[in-house]
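Trainee: Got a minute? I'd like to go through this structure with you.
Mentor: Sure. Bring it up and ask away.

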Amino acid sequence: MNTYIVLLRGINVGGHKKIKMADLKQLLLSLEFTSVVTYIQSGNVIVQHSSEDIQPLEMRIRAGIEEQFGFEVPVLMFTYEKLDRILKNNPFINKIKDNELESKKMYFMLLYEHPDRKVSGELSLISFAPEEFSIIEDVVYLFAANGYGKTKLHSNFFEKRLKCQATARNLKTMNKLLELSSLSK
């Protein structure tokens, strides 16, 4: 069995697109996923499946959510190895090491596809001090110096400029997903 991290974009935010995690777990089990573990209410799930082809699995989850809950939800899946690589490639790791306050300012915009290199390169040239970000492959690493609630560099900002969907997670969530997915391996 292959272990996957599943991220759902925009559920249970501001009372919109509500999905109880127990209901989501049952749906995923009915879609032939096993060892389903949810983490907090914002659409973080660890699953196992025999298939090694992620794209059809994402489509299966998307269709299942739409059928059962009546709305579309973007679904992003990846492996433990990819999540581990994302965390290890964090260019702001020195800012957050052993500093709990600073670690709360670290966010990851996980893009649903690789952005155009020219566009991401041009965007990277613009300064948004004291906020800092770096685009590496299909991840925007964001150090939100004033906190995520105050930054203008949120998922919608990057989606609009990079012309691809994104979902954001903080460092604590990313680390917990890595831990949970390592237990399922």
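Trainee: Which element gives the most to the lining of the second largest pocket?
Mentor: Strand E4 does, with three residues. Keep in mind that this is a predicted model.

Trainee: Where does E4 run, and which helix supplies at least two residues of that lining as well?
Mentor: E4 covers residues 75–79. The helix is H2, residues 54–69.

Trainee: Which residues line the second largest pocket?
Mentor: Ile54, Glu58, Leu76, Met77, Phe78, Lys82, Leu111, Tyr112, Glu113, His114 and Asp138.

Trainee: How do they split by class?
Mentor: Six are nonpolar, one is polar and four are charged.

Trainee: How much space lies in there?
Mentor: About 200 Å³.

Trainee: And in the largest pocket?
Mentor: About 450 Å³. It has 18 lining residues. Closest to the centre are Val13, Tyr148, Ser155, Thr167 and Ala168.

Trainee: Which elements give two or more residues to that lining?
Mentor: Helix H7, residues 155–162, and strand E8, residues 166–170. E8 gives the most, with five residues.

Trainee: What's the class split for the largest pocket?
Mentor: Eight nonpolar, eight polar and two charged residues.

Trainee: Back to H7. How does H6 cross it?
Mentor: H6 is the helix at residues 117–124. Its axis comes within 10 Å of the H7 axis, and the two cross at roughly 130°.

Trainee: Why is H6 called oblique to H7?
Mentor: Because of that crossing angle. Roughly perpendicular stops at 115 degrees and roughly antiparallel needs over 145, so roughly 130° counts as oblique.

Trainee: Which residues meet there?
Mentor: From H6, Val119, Ser120 and Leu123. From H7, Phe157, Phe158, Arg161 and Leu162.

Trainee: How many of those are nonpolar?
Mentor: Five. The contact of H6 with H7 also has one polar and one charged residue.

Trainee: New topic. Where is Ser182 found?
Mentor: In helix H8, which spans residues 171–183.

Trainee: Why does Ser182 count as partly exposed?
Mentor: Its relative accessible area is 32%. Buried means under 20% and exposed means over 50%, so Ser182 falls in between.

Trainee: What separates Ser182 from Thr3?
Mentor: Along the chain, they are 179 residues apart. In space, their C-alpha atoms are separated by 8.5 Å.

Conventions:
Residues numbered from 1 in each chain as written. Predicted model: local features only at pLDDT ≥ 70, side-chain atom pairs only at ≥ 80, totals over all residues. Heavy atoms only, no water. Helix = DSSP H or I, 4+ residues; strand = E, 2+ residues; numbered from the N terminus. Buried < 20%, exposed > 50% of the residue type's maximum accessible area, 1.4 Å probe, protein only. 1 Å grid on protein atoms, 1.4 Å probe; cavity = no way out; pocket = protein on both sides within 12 Å on 5 of 7 lines; lining within 4 Å. Points joined across faces, edges and corners; volume = space filled by probe spheres on them. Nonpolar A, V, L, I, M, F, W, Y, C, P; charged D, E, K, R; others polar. Axes fitted to C-alpha atoms, helices over the stretch in contact; angles between N-to-C directions. Parallel < 35°, antiparallel > 145°, perpendicular 65-115°, else oblique. Contact = heavy atoms within 4.5 Å.
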